Amino acid sequence: MKKRVLVIGGAGYLGSVLTGRLLSENYDVRILDSFIYGKRSVQKFSADTRVEVIEGDIRNIETVTDNMQDIHSVILLAAVVGDPASKARPEQTIETNYLASMLVASSAKIAGIKKFLYASTCSVYGVGKEILDENALMNPVSLYARTKVASEEGIISIADSNFRPVIMRMSTLYGYSPRMRFDLVVNTMTMTAFTEGKITVFGGNQWRPLLGLEDASDAYVKALESEPGGNGTAGYGRIYNVGSEEQNYTITEVAKLTAKGIKEASGKEIPVNIEGDSVDVRDYRVSFKKIQGELNFSVKQTIPDAAKEIWGKLDSKEIRDPKQKVYYNHYFDASEELIG
Ligand SMILES: NC(=O)c1ccc[n+]([C@@H]2O[C@H](COP(=O)([O-])OP(=O)(O)OC[C@H]3O[C@@H](n4cnc5c(N)ncnc54)[C@H](O)[C@@H]3O)[C@@H](O)[C@H]2O)c1
């Protein structure tokens with residue numbers, strides 16, 4: 001029998017790309033999502049008998065328990081994502097990112113599901129001078145990051161020999177997705193280069209690890225297929241920083257690489273203007289030796305290639321209006337009208 005993976009948040013920026021990858025690896029997929037940003041990203045799966053698409057909110061106990069039936073593995077992506085979005089909707093953030101996440105993990109454990117992958121973030125490190133590995137002190141500087149820390153700790157605390165969660169602390173993602181986000185650094189820079197003819201960087205010396213969407217999907221497949229080992233510090237659960245050391249960049253470097261991709265795509269020289277200070281205090285460099293060593297994970301995507309692809313989508317008008325609220329998690333919530 002083929003293995004069915006429950007992808008919670010499967011209509012999202014990462015989820016809609018990861019679902020395609022899981023199908024190509026011969027998994028069946030059940031997507032559970034409340035479709036805050038609409039259903040368009042999963043339309044392409046509607047004729048595919050290997051995909052079930054279920055509309056539901058993980059803050060509802062019955063929705064969660066019902067959807068654990070006939071499931072081999074769970075990937076929990078659903079959340080209110082990003083510092084600005086969690087600031088705009090604090091109650092929904094605590095309910096979804098912590099309380100409902102614990103509900104999902106406990107239900108998966110009780111249903112006997114052994115593989116449980118949880119989407120966390122390198123934002124849990126907040127600010128740090130050293131190159132931070134998985135044992136580094138966490139220093140969350142936003143509600144978003146605090147809910148991720150609390151969920152990580154809660155999920156690891158219920159791990160045992162039958163339930164071995166894997167925590168995926170992802171770098172900041174980039175690239176084109178059917179559920180596009182223009183509130184992520186590379187995507188934002190490409191969009192402002194297109195709409196304003198320049199890239200403006202505030203501060204610019206802050207470090208940030210970056211990761212392409214296809215590479216992130218690859219990390220999830222590798223984690224799904226890995227042996228359920230444990231490690232000393234985290235008992236039966238495992239924690240991975242997900243990314244690559246070569247893509248620890250400063251924001252100024254990110255801007256230059258984005259401009260390079262746009263030059264290749266369009267021939268246009270996009271100026272990078274550095275102004276004032278950043279309002280975002282996050283500044284961290286991360287070690288990815290563990291995922292490289294244990295899961296044999298390495299990256300293939302680059303920022304210039306992603307910028308080129310996104311530029312193409314804007315230039316061809318496949319994305320007609322990148323300023324629509326739906327592309328920005330902090331501007332958009334379920335009460336907004338969906339366009340297109
Ligand atoms: N995008 C990044 O750079 C990044 C980096 C590190 C970690 N992450 C983590 O990866 C995961 C996916 O992020 P993304 O960029 O795809 O975000 P996204 O906002 O595009 O997707 C989140 C999805 O979850 C769904 N959702 C939200 N609340 C829900 C609820 N209560 N019930 C059911 N569904 C709900 C939304 O409808 C959406 O489809 C998140 O957990 C995020 O914290 C993302």
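Helices here are DSSP runs of H or I of at least four residues and strands are runs of E of at least two, both numbered from the N terminus. Counted in that way, the chain of this predicted model holds 10 helices and 14 strands.

**The whole chain**

Begin with the full chain in view, where the radius of gyration is 19 Å, close to the 20 Å that the globule rule gives for 340 residues, so the chain is as compact as a globular protein of that length. If you turn the C-alpha trace along its principal axes, it spans about 55 × 45 × 35 Å. Of the 340 residues, 46% count as buried, and among contacts with a separation of 6 or more, 78% are between residues 24 or more positions apart.

**Helix α1**

Next select residues 15-24, which form helix α1, and colour its buried residues, namely Gly 15, Ser 16, Val 17, Leu 18, Thr 19 and Leu 22. To see what lies over these buried residues, add the elements that cover them, which include β1 (4-8), β2 (28-33) and α7 (213-225). Then step past the end of α1 to Asn 26, which follows the helix and has a positive phi, near 75°.

**Helices α6 and α8**

Now show α6 (residues 185-196) together with α8 (residues 251-266), two helices that pack at an angle of about 50° with their axes 10 Å apart. Angles that are neither under 35 degrees, nor over 145, nor 65 to 115 count as oblique, and α6 and α8 are therefore oblique to each other. Their crossing is right-handed. Display the side chains on both sides of this contact: α6 brings Val 185, Val 186, Met 189, Thr 190 and Ala 193, which meet Ile 251, Val 254, Ala 255, Thr 258, Ala 259 and Ile 262 of α8. Sorted by class, this contact has 9 nonpolar and 2 polar residues, and no charged ones.

**Helices α8 and α10**

Keep α8 selected and add α10 (residues 303-315), whose axis comes within 7 Å of that of α8 and crosses it at roughly 55°. This pair, α8 and α10, is therefore oblique as well, and α8 passes α10 in a right-handed crossing. On the α8 side, the residues to select include Val 254, Leu 257, Lys 260, Gly 261 and Glu 264, while those of α10 include Ile 303, Pro 304, Asp 305, Lys 308 and Trp 311. What classes of residue make up the contact of α8 with α10? There are 9 nonpolar, 4 polar and 5 charged residues in it.

Definitions and conventions: Residues are numbered from 1 along each chain as its sequence is written. This is a predicted model: local features need pLDDT of at least 70, side-chain atom pairs count only at pLDDT 80 or more; totals for chains, interfaces and linings use all residues. The radius of gyration is taken over C-alpha atoms; the globule rule is 2.2 Å times the number of residues to the power 0.38. A residue is buried if 20 or more other C-beta atoms lie within 10 Å of its own, exposed if 12 or fewer, and partly exposed in between; C-beta atoms are placed from the backbone. Two residues are in contact if their C-beta atoms, placed from the backbone, lie within 7 Å. Axes are lines fitted to C-alpha atoms, for helices over the stretch in contact, and angles run from 0 to 180 degrees between N-to-C directions. A crossing is left-handed if the near helix is turned anticlockwise from the far one by less than a right angle, and right-handed if clockwise. Ala, Val, Leu, Ile, Met, Phe, Trp, Tyr, Cys and Pro count as nonpolar, Asp, Glu, Lys and Arg as charged, and the others, Gly among them, as polar.
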